[in-house]
Amino acid sequence: MNTIEIPKTVNPDLAIERKNASFNPDEMAAFFWGRKEIVDMKRMIEEELYNDLDDPLDHEFASYEEMASLAVKHAVNATKKLRAIQERIHPGGSEVYPTLMGGPIGAALMPAGNPLAVHLVMFTRALKGQGTPEQYEKFGRRADNCEIIGTYAQTELGHGTFLRGLESRADYDRKTEEFVLNTPTLTSYKWWPGGLGQTCNYCIFVAQLYIDNEPKGIQMFVVQVRDEETHKPLPGVHVGEIGKKLGMNGVNNGFLGLKNYRVPRTNMLMKNQQVLPDGTFIKSPVSQLSYFPMVYVRCMVAISNALMLAQAATVVTRYSVVRRQSPIEEGQPEPKVLEHLTQQMKVIPEIATAIAYRLAAGNLHFMYNETAEAINRKDFSRLPELHALACILKVSCSYDSTYGIERLRQGCGGHGYLTAANLGNLFAVSTAACTYEGENSVLYLQVGKILMKVWADVLEGKKLMPTMAYFTECANRPQFPQWTGTWDCLVRALQYACVGATRVAYKSYSARLKDGQSQPVAVNNTGLELTKAAELHGRVYVASNFYEEVINGPTKSERSPQFQKVLENLLELHLIQTFFRHLGDILRFVPVTENEIAALQIRLEEVLKKLRPDVVAITDGFEFHDKVLNSALGSYDGNVYERLFEAALKHPLNKKPVPDFFGKYLKPFMKENAMKSKL
């Protein structure tokens, strides 16, 4: 059999799930993506984009060099397509291009990864947000138009999240009004920037600024690394590819070394800080502005990881109603795998988690845009709160999506291990977010230190940031109110656990200071308690945001009663699951009896059964096109086994009836063994 025919019909097990759903998936689509108009536009764009794509398995069987070439080809084609649509439907806007170069649509268009991602997300944004109008005219317009391709070169071989430890230098030369850039050690080489390896010809080079050998802090410099015509590295530039990774191997991550490389004074981004021709340094009014580009990326990480978890949940949900296995009662037919309660526990909570993070990340992105507008008015008041939320949501969402995707993969048995399932690729991309744009443990510690300051402000009676206001409420009422088990009670239990953990961390930290430890040593020794408090703060934000969206959200009046009930069931599941996940933390600070815990266990089992008939409709409402899911297990038609077989037949080893290695290695080996046995 050299070919396999995919049925034109939907698998009957999947069809009956859709028929028996209690609500219209279009309602979920509008809720999940924001509003119906966005869904309509998404469908229209996808219909146009996906009609001529390469087979996504092509890059899986390609050599490393071929994969890099395919990735650039796909990125260029995607850019052209999305630009054309943007100009047609809304000239000058950005909702199609560059926005859709990332996320699910970008993944479908560029299955090996996007080598232009950092150019679009950080390089162009940094030029606009950190450069002067003159610098934007010189570099930014060309970058926006893709006349030049850049990246953001910050992380070094020996330093990542700890920016103050960066070893790259920029020394100012007054005589020539130039900066002399150097990576003086092997560990100071830039390492990891997406697109830097072979794609980019420019970068923003992040380095320690020195004037008269006096450090002035981290600054950003526009640096050309390759000739615009020949693409050859310029003199003084050592640039290349860092090698194969767990995933995203088309992204073309690179290294960069500079030796006595000179750039004009005007190549330092000077919107917020300046170096004058005479060497006078004018400091930024707000130091946090230097990391504002990273705040945006952390917002995008939270959104994209929520969507990847939703994609994995869609794949595994569809597979779980097509796959039949293991009779529940002896002598009965094999049921759909999703009839097993243990499978429901693997799959349905991840659906709820994906929705919770999609909502939280959407609100974070809204807050980012509001803060960016405020910064343009020289109002920096919300920047610390945005920084804290971006850190915690990036960490929580990347951790939960990574582990959630792996749990879902295991829910598919052996088939989930196949590349054709695409769960491995989703895992590889998701887990990368745990370390880029701030390693998660370090970001937890940053948020933990912020919570320490919050607790100090509580003790002094100061007004807190809106998303931290619950600290004051819990402190003013130290005894937990009577346990009721309601959703509000469950959210409040998480709040008390977080405030209690923060109070304990503060007490431990203060005791260490009293014992004579320096502040940095005391922080290090309190690290476990700080990260626990930070983790709980993330849980509070996601859970309380989910609660508000479902119970008091602006679109509640537009929802059908059936869909509202589904959302309430999802909220119930998420809150109870989070409660059990942090039961030990909650019991330290909240009095909950064994009977009350047992009641929640019963509710958990009941809500899984309530959601079971609607899970296909819910994941259909996520609106992921088959080209996005790219999964033999998760296609809309549910023809799993035919698609698995089709994918297997595409493997290069199946192109020949006898592989080359048989005659070269295997046959001589077997013949040699046969001859020896006759002696």
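In this short talk I will go through the annotated positions, one buried serine, the cysteines, a pair of strands and some salt bridges.

Please keep in mind that this is a predicted model, in which local features need pLDDT of at least 70 and side-chain atom pairs count only at pLDDT 80 or more, while totals for chains, interfaces and linings use all residues. Residues are numbered from 1 along each chain as its sequence is written, and side-chain values use heavy atoms, with hydrogens and water left out.

Let me start with the annotation. An unreviewed UniProt entry places the feature "binding site" at Thr155 and Gly194; such positions are given in the numbering used here, with feature names shortened, and the annotations may be inferred rather than shown by experiment. Although they span 40 residues in sequence, no two of their C-alpha atoms are more than 10.9 Å apart, so they gather at one spot. Thr155 is found in the loop between β1 (152-153) and β2 (169-173), and Gly194 in the loop between β4 (190-191) and β5 (202-211), where helices (H or I, at least four residues) and strands (E, at least two) are DSSP runs numbered from the N terminus.

Are these two positions buried or exposed? Thr155 is partly exposed at 27% relative accessible area, whereas Gly194 is buried at 6%; buried means under 20%, exposed over 50%, and partly exposed in between, with a 1.4 Å probe and protein chains only. Contact here means heavy atoms within 4.5 Å, and, leaving aside neighbours within four places in sequence, Thr155 is in contact with Gly160, Tyr189, Lys190, Trp191 and Trp192.

I turn next to Ser398, which sits in helix α10 (residues 383-410) and counts as buried, at 0% relative accessibility. Its side chain makes a polar contact with the side chain of Asn440 at 3.0 Å, a polar contact being a pair of N or O atoms within 3.5 Å; within protein, one must be able to donate a hydrogen and the other to accept it, and residues adjacent in sequence count only if both atoms are side-chain atoms.

What about the cysteines? A search of the whole structure finds 0 disulfides, a disulfide being a pair of cysteine sulfur atoms within 2.5 Å. For Cys146, the nearest cysteine sulfur, that of Cys200, is 10 Å away.

Now to the strands, which pair if DSSP finds at least two bridges between them. Strand β3 (residues 178-182) is joined to β9 by 4 bridges, and the two run antiparallel, with Glu178 standing opposite Pro264 in β9. Strand β9 (residues 261-264) has a covered face, Tyr261 and Val263, and an uncovered one, Arg262 and Pro264.

Arg262 brings me to the salt bridges, of which the count comes to 44, each being a side-chain nitrogen of Lys or Arg within 4 Å of a carboxyl oxygen of Asp or Glu. Asp173 forms one with Arg262, the closest N and O atoms being 3.1 Å apart, and this pair links distant parts of the chain, from strand β2 to strand β9, 89 residues apart. Of these partners, Asp173 is buried at 18%, while Arg262 is partly exposed at 41%.

By contrast, Lys36 bridges to Asp40 at 2.7 Å, and both lie in helix α3 (residues 36-49), 4 residues apart, about one turn of the helix. Finally, Asp400, Lys532, Glu535, Arg539, Arg581 and Asp585 are linked in a network of salt bridges.
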